[in-house]
Amino acid sequence: MEGVEVIAASDIVQANLERTASAWGIDHLFADYDEMLKREDIQGVSICTPHPLHHEPAIAAANRGKHILC
């Protein structure tokens, strides 16, 4: 997406997180998405969990005032 900078990623599977970070050059990595959502420089999130698992991270992001893409 033009004008978008990916600055952080979160995954509970460390190997997935490291692979994503390496592929996209992401410096800020989190095992806990709620910790990531505390960052003020994050304006929006893309939730890439399986569909039945969107609920909790989407609500957490909304409660932090983030734009959400599922």
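Among contacts between residues at least 6 apart in sequence, 28% link residues of the protein chain that sit at least 24 apart. That figure, like the rest of what follows, comes from a predicted model. As for what the chain is built from, there are 3 helices and 4 strands. Read from the N terminus, the order is β-α-β-α-β-α-β.

On to overall dimensions. A compact globule of 70 residues would be expected to have a radius of gyration near 11 Å, and the protein chain comes in at 12 Å, so the two agree. Put in a box along its principal axes, the C-alpha trace takes up roughly 30 × 30 × 20 Å. Of the 70 residues, 26% are buried. The protein chain shows about 5400 Å² on the outside, with 53% of that area supplied by carbon and sulfur atoms.

Then there are the charges. The tally for the protein chain is 5 positive side chains against 11 negative ones. The centres of these two sets are 3 Å apart.

The cysteines are quickly dealt with: the structure has 0 disulfides. C48 is in no disulfide, and its nearest cysteine sulfur belongs to C70, 8.8 Å away. Seen from the other end, C70 is likewise in no disulfide, with the sulfur of C48 as the nearest cysteine sulfur at 8.8 Å. Why is no disulfide assigned here? A pair of cysteine sulfur atoms has to lie within 2.5 Å to count as one, and the sulfur of C70 is 8.8 Å from that of C48. Accessibility is a separate matter. C48 has a relative accessibility of 68% and therefore counts as exposed. C70, with a relative accessible area of 57%, is exposed as well; the cut-off for that label is over 50%.

Last up is H55, which belongs to helix α3, a helix covering residues 55-63. Is H55 buried or exposed? Its relative accessible area is 54%, so H55 is exposed. H55 can also be placed relative to K66: the two are 11 residues apart in sequence, and their C-alpha atoms are 14 Å apart in space.

Methods. Residues are numbered from 1 along each chain as its sequence is written. This is a predicted model: local features need pLDDT of at least 70, side-chain atom pairs count only at pLDDT 80 or more; totals for chains, interfaces and linings use all residues. Side-chain values use heavy atoms; hydrogens and water are left out. Helices (H or I, at least four residues) and strands (E, at least two) are DSSP runs, numbered from the N terminus. The radius of gyration is taken over C-alpha atoms; the globule rule is 2.2 Å times the number of residues to the power 0.38. Buried means under 20% relative accessible area, exposed over 50%, partly exposed in between (1.4 Å probe, protein chains only). Contact means heavy atoms within 4.5 Å. Accessible areas come from the Shrake-Rupley method with a 1.4 Å probe; for residues, only the protein chains shown count as cover. Lys and Arg count as positive and Asp and Glu as negative; His and the chain ends are not counted. The place of a charge is taken as NZ of Lys, CZ of Arg, CG of Asp or CD of Glu.
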